[in-house]
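Please walk through this structure one region at a time, with the sequence at hand. The paragraphs below go from single residues to their contacts.

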Amino acid sequence: GLSFFYQVLERISLARTAQQQWAKSSFPQRRHLLRIILRFVVENAEAMAKVACRDSGKTMIDAMFGEILVTCEKLRWTISQVSEWMGE
């Protein structure tokens, strides 16, 4: 009900504040955070794949290739391209 609506508004406000801080971060800081996220995904791949299976009906192999591997590759590519994109 109304409680959920206010929770959503609060999350939007928190996201706006976080984005303002993120915009001030340096590209090395951003690259570092992306590496942390990549490490987290790799370390938690099995649990994340199980959730993907439960939510989508995929098999574990489909979840690993279709969710985890794709996410890791996108993170790796973004990490490697930050300098080129931003003229760093």
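Phenylalanine 5 has a relative accessibility of 45%, so it counts as partly exposed. The model is predicted, and every value given here is computed from it.

The whole structure holds 1 aromatic pair. Its partners are phenylalanine 5 and tyrosine 6, in an edge-to-face arrangement with 5.6 Å from centre to centre and 70° between the planes. Planes over 60 degrees apart count as edge-to-face. Phenylalanine 5 and tyrosine 6 also belong to a nonpolar surface patch of about 690 Å². The other residues of that patch are Leu2, Phe4, Val8, Leu9 and Ile12. One of these, valine 8, lies in helix H1, which covers residues 2–23. Valine 8 is partly exposed because its relative accessibility is 32%, and the class runs from 20% to 50%.

Next comes the loop between H1 and helix H2 (27–43), where serine 25 is placed. Is serine 25 buried or exposed? Its relative accessible area is 15%, so serine 25 is buried; the cut-off for buried is under 20%. The side chain of serine 25 takes part in two kinds of contact. With the backbone oxygen of tryptophan 22, the distance from the serine 25 side chain is 2.6 Å. With the side chain of arginine 30, serine 25 makes a polar contact of 3.0 Å.

The cysteines come next. How many disulfides does a search of the whole structure find? The search returns 0. A disulfide is a covalent bond between the sulfur atoms of two cysteines. For cysteine 53, the closest cysteine sulfur is that of cysteine 72, and at 15 Å it is too far for a bond; a disulfide here requires sulfur atoms within 2.5 Å. Seen from the other side, cysteine 72 is in no disulfide, with the sulfur of cysteine 53 as its nearest at 15 Å. Cysteine 53 is buried because its relative accessible area is 14%. Cysteine 72 also counts as buried, since its relative accessibility is 4%.

The last stop is helix H4, which spans residues 60–86 and contains glutamine 81. Glutamine 81 has a relative accessibility of 17%, and therefore counts as buried. The side chain of glutamine 81 is joined to the side chain of serine 80 by a polar contact of 3.5 Å.

Definitions and conventions:
Residues numbered from 1 in each chain as written. Predicted model: local features only at pLDDT ≥ 70, side-chain atom pairs only at ≥ 80, totals over all residues. Heavy atoms only, no water. Helix = DSSP H or I, 4+ residues; strand = E, 2+ residues; numbered from the N terminus. Buried < 20%, exposed > 50% of the residue type's maximum accessible area, 1.4 Å probe, protein only. Polar contact = N/O pair within 3.5 Å; in protein donor to acceptor, adjacent residues only side chain to side chain. Patch = residues over 30% accessible without salt bridge, like charges linked within 9 Å, V, L, I, M, F, W, Y side chains within 5 Å. Areas by Shrake-Rupley, 256 points an atom, 1.4 Å probe, with all protein chains shown as cover. Salt bridge = Lys/Arg side-chain N within 4 Å of Asp/Glu carboxyl O. Phe/Tyr/Trp six-rings, centres within 6.5 Å; stacked < 30°, edge-to-face > 60°.
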